[in-house]
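Biologist: I should like to examine how the terms applied to this model are justified. Please set each value against its definition.

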Amino acid sequence: MTLHLEVAAAASQLPDPAWGFGFGGAVFILSVPATWASMHLRGKTHLRLRKPVDIAFAGLTERAVEKLQDLQARLNAMLPDPTTPFNPSDVVVDPSSVHKPVKLGIRALKERNSIHRQFRWILRVCSVLKTVTIAFTTMVLISTALYFFTFVNTWLWQASCWTTAGVFVIAVILVASYGILDARIQRSIEHADPIEDTPVGVAS
């Protein structure tokens, strides 16, 4: 009985190869392609978005000017001639006709002013994400090694595992930020060159 207890106590001081190699190896295998992709993400993003962003900036500028000119024309048609005598009935006008050009003009101006800033931010996210994914892959190797070689120092390899998990959370946040910025840029690109509604039955 004492021998069995001694064997069990000794086994509790040894790492589990199946768990260590299985979990650590699986995470490492998954992290390597992600790290490789992150190393090329900035360059690919720059090539994919640089020209469309510049074209969208010019298109949004043009659309903002068009909407402001449309708004000016509508206001001139609604407001009374300042050279004519004042008539209280002419002051009461319906503002609903100017709501759409105002809304579209403001949106075009906001997207025009933000699209280059969003492009710069998405490139920064790519750079930080590359560093974080490299750190994560390295921490997976370190955590696995500490698990096997310093198993009795539980605090050491567990602290390394928690640090690795924290780096993973940061990577997830960066990936989500990349997706949000990319979606906003794509939306601005679409608004710069919208598909106009064509009446049914009318040939283009």
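**Terms and their grounds**

Modeller: Glu111 is found in helix H4, residues 99-149; helices here are DSSP runs of H or I with at least four residues, strands are runs of E with at least two, and both are numbered from the N terminus. This is a predicted model, in which local features need pLDDT of at least 70 and side-chain atom pairs count only at pLDDT 80 or more, while totals for chains, interfaces and linings use all residues. Residues are numbered from 1 along each chain as its sequence is written, and side-chain values use heavy atoms, with hydrogens and water left out.

Biologist: What makes Glu111 a residue with no salt bridge?

Modeller: A salt bridge requires a side-chain nitrogen of Lys or Arg within 4 Å of a carboxyl oxygen of Asp or Glu. The nearest side chain of opposite charge to Glu111, that of Arg187, is 4.5 Å away, so the criterion is not met. Glu111 nevertheless touches Arg187, along with Leu60, Ser188 and His191, not counting residues up to four places away in sequence; contact means heavy atoms within 4.5 Å.

Biologist: Why is the pair Asp182 and Arg48 called a salt bridge?

Modeller: The side chains of Asp182 and Arg48 meet at 2.9 Å, N to O, so the pair satisfies the 4 Å limit. Asp182 lies in helix H5 and Arg48 in helix H2, so the pair ties together parts that are 134 residues apart in sequence.

Biologist: Why is Asp182 called buried, and Arg48 partly exposed?

Modeller: Buried means under 20% relative accessible area, exposed over 50%, and partly exposed in between, with a 1.4 Å probe and protein chains only. Asp182 has 17% and is therefore buried, whereas Arg48 has 36% and is therefore partly exposed.

Biologist: How many salt bridges does the structure hold?

Modeller: The structure holds two salt bridges. Asp54 forms one with Arg50, the closest N and O atoms being 2.8 Å apart. Both residues lie in helix H2, four residues apart, about one turn of the helix.

Biologist: How do you know that Ser31 is buried, and what does its side chain meet in a polar contact?

Modeller: Ser31 has 5% relative accessibility, so it counts as buried. Its side chain makes a polar contact with the side chain of Thr137 at 3.4 Å. That term denotes a pair of N or O atoms within 3.5 Å; within protein, one must be able to donate a hydrogen and the other to accept it, and residues adjacent in sequence count only if both atoms are side-chain atoms.

Note on methods
Lys and Arg count as positive and Asp and Glu as negative; His and the chain ends are not counted.
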